[in-house]
Every structure is written in C-alpha cells, then in structure tokens.
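Visitor: Please take a close look at the nonpolar interior of this model and at the aromatic rings associated with it. I should like one connected account, set in the context of the whole chain.

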Amino acid sequence: MYSIYHFTLPALMWAMVLWRAPSALGGTRASRFLWGFLAAVAVALTTRPPEVDQVIRTLTGSPDLSVLVKHLAVLASNYSVLEYVITVHGRGPQRARAAWLRLVAVVAAALALTVLFVFFFEHDPSAPPTRVTDAHLGDPAVRLYETIVYVYLGIATALSAKLFWSNRRSVPAGLLRAGVVCLAGGGATGFLYTLYRVVFLARQESRPELPGRGTPDAISEILPVISLLLVVVGVGLPPLRTLVRYVGDQYALWRLHPLWSDLLHAVPSVAFGPRMGRTRDLFVAGDRTLDVAHRAFEIRDACLVLRDRSEASGEGRPAQAAGGAAVADGVPTARAEAEWLLSVLREEPDARRAAAPPLADSRTPAEEVAWLLKVAAAYGQLPRGGAAETEQRPAGKGVR
C-alpha cells in the first residue's frame, strides 16, 4: 500500500466532508448527494490503513471485514454520485419511480455483497484482508462479488464523465467551468480504472495460483488517486472562485476607504452606508460585491454634490482652463479628479482649487468601481501640504 493512502487522502476527504457539511444540511438535494458521495469515499479510504483494519478486527473479530466496509462505501459513493449528476444535469422532469428503482437496485446490490462476503468467502485470519478476494479470483462467489462492484463503478463513472463533459459549456467560463471539467476528468479516470481492473482481474484469474498474487498493482493504486484528486479539485474550485472574489472585494473596499471616509465627513447629506473603521471593515463576512458597488456609488454621489456646490459658489472652473492638463487624449485622468477632490475637501480659504474634471460618459458599475479605484489610489498619493505644493504639480499627471 502506498503511503499516500495512509493519512493524506483520508484526511483530505474528511476535510472536504466537514467543509461541505453545512451546505449539505441546509442546501439542495444535489448538495446532499454530493456530500454523501464525499462521505462515502472518505469512509472507503479510511478502511485502507493497517491501523484502522486492526481496530475493525479487534472490535468485530472478523479478519477482513474492512474489505466489505470499503466496497459497501464504494457502492454508496457510486449511488450518490449518480443521483448528484442526474439531479444537476438530468434531462427532463425527474420521476419518483425511477429514483426509487435506483435506490432499490443499490440496496439489493449491497445485500448481495454482504451475503456473498459473509456466507461464501473463505476467511483466513493469518492472511492480509485483501486476499479474501484477490487470492480466490476463480471462486464463483468472488467473481460475482467483483462483478457487482465494478458494474456499479463503471456505470457511475461513465455517466458522471459524460454528463459533466456535455454540460461544461452551460456554466460560466473561469473557475466554475474548470471545476466541471475536472469532475468530468475524475469520472473518466474512474471509468478507465474500472476497465483496467476488469482486464487485470481477468488475466489474473486465468493464471495458476502464485504466492505473490494479491500484492498491490501500481496502476490500480495510482488511477484512483488521480480520479479522487480531480474530483476534489473540481468540487473545490467553485468555492475557491467565491473566495477569490471575496478577497478582491475586500481589497477594493480597503483601497476605497480613505476617500470614502473623507467624503463621508465632508458630505453628510449623502446616504452613506454603515460607518465603520478601515480595519473593522475587513472582518465583515459574506458576499461583498454589492458593498463595493454601493461604496462606489456613494463616492460618486458625494462627488456630484461637491461639484454642484462648487458651481453654485462660482469656484468651479472648467478643466480646459488649465490648458487641458486635467485631460489626456480627451479623457479626464484619475489624478485630475483626485487633485480636485483634495482641493475641495481641504477647505482652506486661501487655497487655489484645482479644476473640476469634465463629467465622464456613463459607465457600467464595474467600470465605475475600476475608475474610482484609480482615483482613490491617486488621492492617497497626493501630498497633504499647503496649496502651493499642490499647484507646483502639473494637474492630471500620474495614475490614469
């Protein structure tokens, strides 16, 4: 047995089970079947380390019960993944009768495996647990037992690969689609493993008894690892996409906060969101995409109020008065808007105010956020000294 089976894979799968448990308990039918698949695979992997096998021997008195537990868990994982892909990607309305037939079929298969294992297998306390099947491949009971296991495994992996691959273009491009492709790859690798095991066991059955029969086969050990890792990556990528978006939104809020905070105190008439410090803002949980959009709109509303005030007081000047320094190629620069905001927010009576940049064309919310991030970056780089220092800097240079 390869060392990766001892602790790494079981620990990884149990971590996935615990991670997905909240969404499974309070989520959709598909989420529950996905969680059931992960839990069943975790149980199957946990039976493989010799330490666990020894615990099962001590508690039950059976020398090889871990083999039956592993195969029953594999059967449960096959059923769960089939129900998951049918629920998520099935065509047409789901019929209750078909669902019950699939459940009856898997229960019947589990009972058949249990009866064959308990009443028809030869159990040798001195032999490794896996030899209860590997050393008796010519036995009709073992042959039927293996057939049930690999028929279910082959159907589940083939359907999973087909349905995930055929529906990959129905999900948005990016990490979500990459996750679906990984799930399809995991199913395809599992089907390849099933075919290999069928051929391998058929060739083993045709050979005479050898002392070394029952020892692990390298390909039989590696293919399930690849399949499981692809499944883990496929399941983990969509939440990773959410995490990446959350981190990006938090970073945007961090960058916008100094400008937003100054405007909050300067233009209290604008309906700003909850007042909170920059550090405390980082510990707000949940989706923050709307928070970024709201903060951008709050900043833009405050800028419009300041512009109206400047025009009403006659202090606002057209940007072109500075010789076009506030614009570049006919487009107002973020630096120019930042300098104007700083000159307005300082409220120094003797300060010469920078020119108000011309209003830009309408932007989408994403474009507005991107623009204000540039303005906030330029605003943070401006010196907070006297007015003369600001006048010495050519307007509109720097961040765009």
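Guide: The secondary structure of this predicted model comprises 14 helices and 2 strands. Of the 400 residues in the chain, 44% are buried. Among contacts with a separation of 6 or more, 78% join residues 24 or more positions apart.

The largest nonpolar core has 54 residues, and within it Phe121 and Tyr145 touch the most other members. Two or more residues of this core come from each of α1 (8-25), α2 (29-46), α4 (65-89), α5 (96-120), α7 (140-166), α8 (175-205) and α9 (218-266). The greatest contribution is that of α7, with 11 residues. A separate, second core holds 33 residues, including Leu259, Phe272, Ala296 and Leu306.

To return to the first of the residues named above, Phe121 has contacts, once neighbours within four places in sequence are left aside, with Leu116, Val132, Thr133, Ala141, Val142 and Tyr145. Phe121 and Tyr145 also belong, together with Phe117, to one aromatic cluster.

The count of aromatic pairs comes to 5. One of the pairs is formed by Tyr84 and Phe164, whose ring centres are 6.1 Å apart and whose planes make an angle of 40°, a tilted arrangement. This pair links distant parts of the chain, since Tyr84 lies in helix α4 and Phe164 in helix α7, 80 residues apart. With a relative accessible area of 15%, Tyr84 is buried because the cut-off for that class is under 20%. Phe164 is likewise buried, its relative accessible area being 4%.

Tyr196 and Phe200 provide a further pair: their centres are 5.9 Å apart and their planes stand at 20°, so the rings are stacked. Both residues are in helix α8, and because they are 4 residues apart, about one helical turn separates them. Tyr196 has a relative accessibility of 24% and therefore counts as partly exposed.

The outer surface completes the account. The chain exposes about 20,900 Å², of which carbon and sulfur atoms supply 65%. Trp100, Leu103, Val104, Val107 and Leu111 make a nonpolar surface patch of about 500 Å². Leu111, a member of this patch, is found in helix α5, a helix that also gives two or more residues to the largest nonpolar core. Leu111 itself counts as exposed because its relative accessibility is 54%, and the class begins over 50%.

Definitions and conventions
Residues numbered from 1 in each chain as written. Predicted model: local features only at pLDDT ≥ 70, side-chain atom pairs only at ≥ 80, totals over all residues. Heavy atoms only, no water. Core = buried A, V, L, I, M, F, W, Y, C linked by side-chain atoms within 4.5 Å. Buried < 20%, exposed > 50% of the residue type's maximum accessible area, 1.4 Å probe, protein only. Contact = heavy atoms within 4.5 Å. Areas by Shrake-Rupley, 256 points an atom, 1.4 Å probe, with all protein chains shown as cover. Patch = residues over 30% accessible without salt bridge, like charges linked within 9 Å, V, L, I, M, F, W, Y side chains within 5 Å. Salt bridge = Lys/Arg side-chain N within 4 Å of Asp/Glu carboxyl O. Phe/Tyr/Trp six-rings, centres within 6.5 Å; stacked < 30°, edge-to-face > 60°.
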